[in-house]
Amino acid sequence: MIKLYTADTPNGRKVSIALEELGVPYEVVHVRIDQGEQMSDWFLALNPNHKVPVLDDDGLVIWESGAILLHLAEKYGKLLPADPKGRIEAIQYAFFQTGGIGPNMGRFGAAIRKPEDERNPEMIQIFGDEVQRLCGVLDRILSDGRPFLAGEYSIGDIMHYGWLSIAVKLGAPQVMAFPRVVEWTKRIGERPAVQRGEQIP
Ligand SMILES: N[C@@H](CCC(=O)N[C@@H](CS)C(=O)NCC(=O)O)C(=O)O
């Protein structure tokens with residue numbers, strides 16, 4: 001049985017969205033990161049990096065959302081194109097997210113959520129500009145009319161969706177400046193499996 005340790009965050013939801021898309025049964029453990037539960041001994045034994053998501057697949061424990069999605073896609077033979085070029089493209093987009101949109105949107109969000117008297121305008125500018133630049137890159141990729149990043153729907157799309165869908169819902173100008181990115185985010189959000197995965201936990 002698959003056990004997913006997650007929280008109501010964009011990174012956690014990547015995995016519930018993928019599991020819903022695969023139609024695989026799984027058990028959910030809600031890790032209360034709002035209460036610091038990720039620092040408890042039992043959780044550190046699963047992930048020394050104290051972050052969700054973590055997947056326990058019958059004793060095989062995996063952390064880092066990209067590694068988890070790659071494992072699931074390979075195990076169930078879905079969410080990765082079958083042809084070698086499409087397959088490595090999907091993996092490339094998954095890596096691109098963990099080094100790009102993930103950390104930059106995370107830090108941008110943290111910077112703008114600070115109380116007004118603690119806000120650092122320089123940090124907001126730096127991370128906001130980088131988010132906008134990365135959205136411009138995605139826009140350029142989508143400009144050839146492809147419906148999804150690697151052609152067909154893949155782990156590369158799921159990795160990007162969580163953060164970008166929040167930004168679109170909030171109307172963040174860094175993302176709204178790129179209609180193709182907004183459209184692609186909405187296309188993913190219409191999938192029933194995505195809507196189910198977004199309800200977890
Ligand atoms: N690179 C990691 C990022 C995971 C991550 O940042 N998780 C956040 C929630 S979105 C977390 O658990 N934060 C708790 C902490 O840092 O202590 C991944 O892709 O899995």
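This is a short tour of a predicted model, starting at the ligand and working outwards.

**Stop 1: the ligand and its shell**

Select the ligand, then show the residues around it. You should find Thr 9, Asn 11, Lys 14, Ile 33, Gln 38, His 50, Lys 51, Val 52, Pro 53, Glu 64 and Ser 65. Colour this shell by residue class and you will see three nonpolar, five polar and three charged residues.

**Stop 2: polar contacts**

Now turn on distances to the oxygen atoms of the ligand. Start with Gln 38: one of its polar side-chain atoms is 2.9 Å from a ligand oxygen. Move to His 50, where an N or O atom of the side chain lies 3.1 Å from an oxygen atom of the ligand. At Val 52, look at the backbone instead of the side chain, since a polar backbone atom there is 2.9 Å from a ligand oxygen. With a surface switched on, you can check how much of the ligand is covered: on its own it has 520 Å² of accessible area, and the protein covers 79% of that.

**Stop 3: the loop between H2 and E3**

Stay with His 50 and follow the chain on to Pro 53. His 50 belongs to the loop between H2 and E3, and Pro 53 is also found in the loop between helix H2 (41–46) and strand E3 (54–57). Two backbone details are worth a click here. His 50 is not a glycine, yet its phi is positive, at about 40°. A little further along, the peptide bond joining Val 52 and Pro 53 is cis, with omega about 5°. For context, most residues other than glycine have a negative phi, and most peptide bonds are trans.

**Stop 4: the pocket**

Hide the ligand and show the space it leaves: this is the largest pocket. The volume of the largest pocket is about 1,100 Å³. Its lining has 37 residues, and those nearest the centre are Pro 10, Asn 11, Gly 102, Gly 106 and Trp 163. Asn 11 is one you have already met in the ligand shell. By class, the lining splits into 18 nonpolar, 13 polar and six charged residues.

Which helix gives the most to this lining? Select H5, which supplies ten residues. H1 (10–22), H4 (84–99), H5 (101–113), H7 (155–170) and H8 (173–176) each contribute at least two.

**Stop 5: another cis proline**

Finally, jump to the segment after helix H10 (192–197), where Pro 201 lies. A cis peptide bond joins Ile 200 and Pro 201, with omega about -5°.

Methods. Residues numbered from 1 in each chain as written. Predicted model: local features only at pLDDT ≥ 70, side-chain atom pairs only at ≥ 80, totals over all residues. Heavy atoms only, no water. Near = heavy atom within 4 Å. Polar contact = N/O pair within 3.5 Å; in protein donor to acceptor, adjacent residues only side chain to side chain. Areas by Shrake-Rupley, 256 points an atom, 1.4 Å probe, with all protein chains shown as cover. 1 Å grid on protein atoms, 1.4 Å probe; cavity = no way out; pocket = protein on both sides within 12 Å on 5 of 7 lines; lining within 4 Å. Sits in = over half its atoms within 2 Å of the grid points. Nonpolar A, V, L, I, M, F, W, Y, C, P; charged D, E, K, R; others polar. Points joined across faces, edges and corners; volume = space filled by probe spheres on them. Helix = DSSP H or I, 4+ residues; strand = E, 2+ residues; numbered from the N terminus.
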